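The exercises below ask the reader to work through one protein model, moving between its sequence and its coordinates. Each task is followed by a solution in steps.

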Amino acid sequence: MSNITQVVNADKNLTTLKKSVYATDLDQVLSSSGPFTLFAPSDIAFAKLDKGVMENLLKPENKTKLADLLNHHVVAGKIAFKDLKDGEKLKTVNGKELKVHVKDGHVDIDGAKIQSHDVQTSNGIIHSLDTVVTKN
């Protein structure tokens with residue numbers, strides 16, 4: 001089974017995330033034993049950001065800002081879609097919180113809808129988001 005980094009590499013809907021993961025060396029973390037839950041912003045999610053935001057974040061001098069943004073999408077432990085509870089607060093690897101909202105079988109994380117879920121990897125699980133979660 002592939003690890004999180006390998007799955008992100010292969011997913012044609014996560015090309016912006018793939019670039020970002022390598023630009024920040026997060027690929028090393030997401031290849032480690034984990035386990036991790038990655039709330040992965042899709043290319044659609046990154047496209048919703050203001051024009052020029054990602055190009056700017058991908059510059060070497062903004063590596064720390066980009067890493068902080070990406071780490072806000074990673075939670076230690078493996079959390080399946082069915083285990084996400086309404087009102088739950090998840091602690092990210094950068095110490096921030098993500099709030100879970102469940103309604104009528106749909107789940108969103110800080111307002112970002114989970115599109116596809118429970119992509120199993122050797123070191124965790126990936127849920128794809130339709131919006132980039134920015135820190136609150």
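**Exercise 1.** In E2, which residue is the bridge partner of Thr37? Having found the partner, place the pair in its sheet.

*Solution.* The model is a predicted one, and the reading that follows applies to that prediction. Begin with the residue pair: the bridge partner of Thr37 is Val75, which lies in E2. Next, take the two strands as a whole, since E1 and E2 pair in the antiparallel sense, over 3 bridges. Then widen the view to the open sheet of 4 strands, whose order is E2-E1-E8-E7 and whose pairing is mixed. Strand E2 (74-76) and strand E7 (119-121) are the edge strands here, each of them pairing on one side only. Finally, consider the twist: on average, and with direction ignored, neighbouring strands of this sheet are turned by 20 degrees against each other.

**Exercise 2.** Determine which residues of helix H2 (residues 15-23) are buried, and how they are arranged about the axis of the helix.

*Solution.* The buried residues of H2 are Thr16, Leu17, Ser20 and Val21. Viewed down the axis of H2, these buried residues fall within an arc of 135 degrees, and therefore they line one face of the helix. The next step is to ask what covers them, and the covering elements include helix H1 (4-10), helix H3 (26-29), strand E1 (36-41), helix H4 (43-47), helix H5 (53-57) and helix H6 (63-71). For Leu17, if neighbours within four places in sequence are left aside, the contacts are Val8, Leu38, Ala40, Pro41, Asp43, Phe46 and Leu70. Just after the helix, Asp25 adopts a positive phi of about 65 degrees.

**Exercise 3.** Identify the residues that touch the most other members of the largest nonpolar core, and the elements that supply it.

*Solution.* The largest nonpolar core has 21 residues, of which Ile4, Val8, Leu17, Leu30, Leu38 and Ile126 touch the most other members. At least two residues of this core come from each of H1, H2, E1, H4, H5 and H6. A second core, separate from this one, comprises 14 residues, among them Ile79, Leu84, Leu98 and Ala112.

**Exercise 4.** Trace the sheet that contains E3, and find the residue that stands opposite Ile109.

*Solution.* In this open sheet 4 strands follow the order E3-E4-E5-E6, with antiparallel pairing. Its edge strands, each pairing on one side only, are strand E3 (89-91) and strand E6 (112-113). Strand E5 (residues 106-109) pairs with E6 in the antiparallel sense over 2 bridges. Ile109 stands opposite Ala112 in E6, and Ala112 is also one of the residues of the second core.

Key:
Residues are numbered from 1 along each chain as its sequence is written. This is a predicted model: local features need pLDDT of at least 70, side-chain atom pairs count only at pLDDT 80 or more; totals for chains, interfaces and linings use all residues. Side-chain values use heavy atoms; hydrogens and water are left out. Buried means under 20% relative accessible area, exposed over 50%, partly exposed in between (1.4 Å probe, protein chains only). The arc is that of the directions from the helix axis to the C-beta atoms. Contact means heavy atoms within 4.5 Å. Two strands pair if DSSP finds at least two bridges between them. A nonpolar core is a set of buried Ala, Val, Leu, Ile, Met, Phe, Trp, Tyr and Cys residues joined through side-chain atoms within 4.5 Å. Axes are lines fitted to C-alpha atoms, for helices over the stretch in contact, and angles run from 0 to 180 degrees between N-to-C directions.
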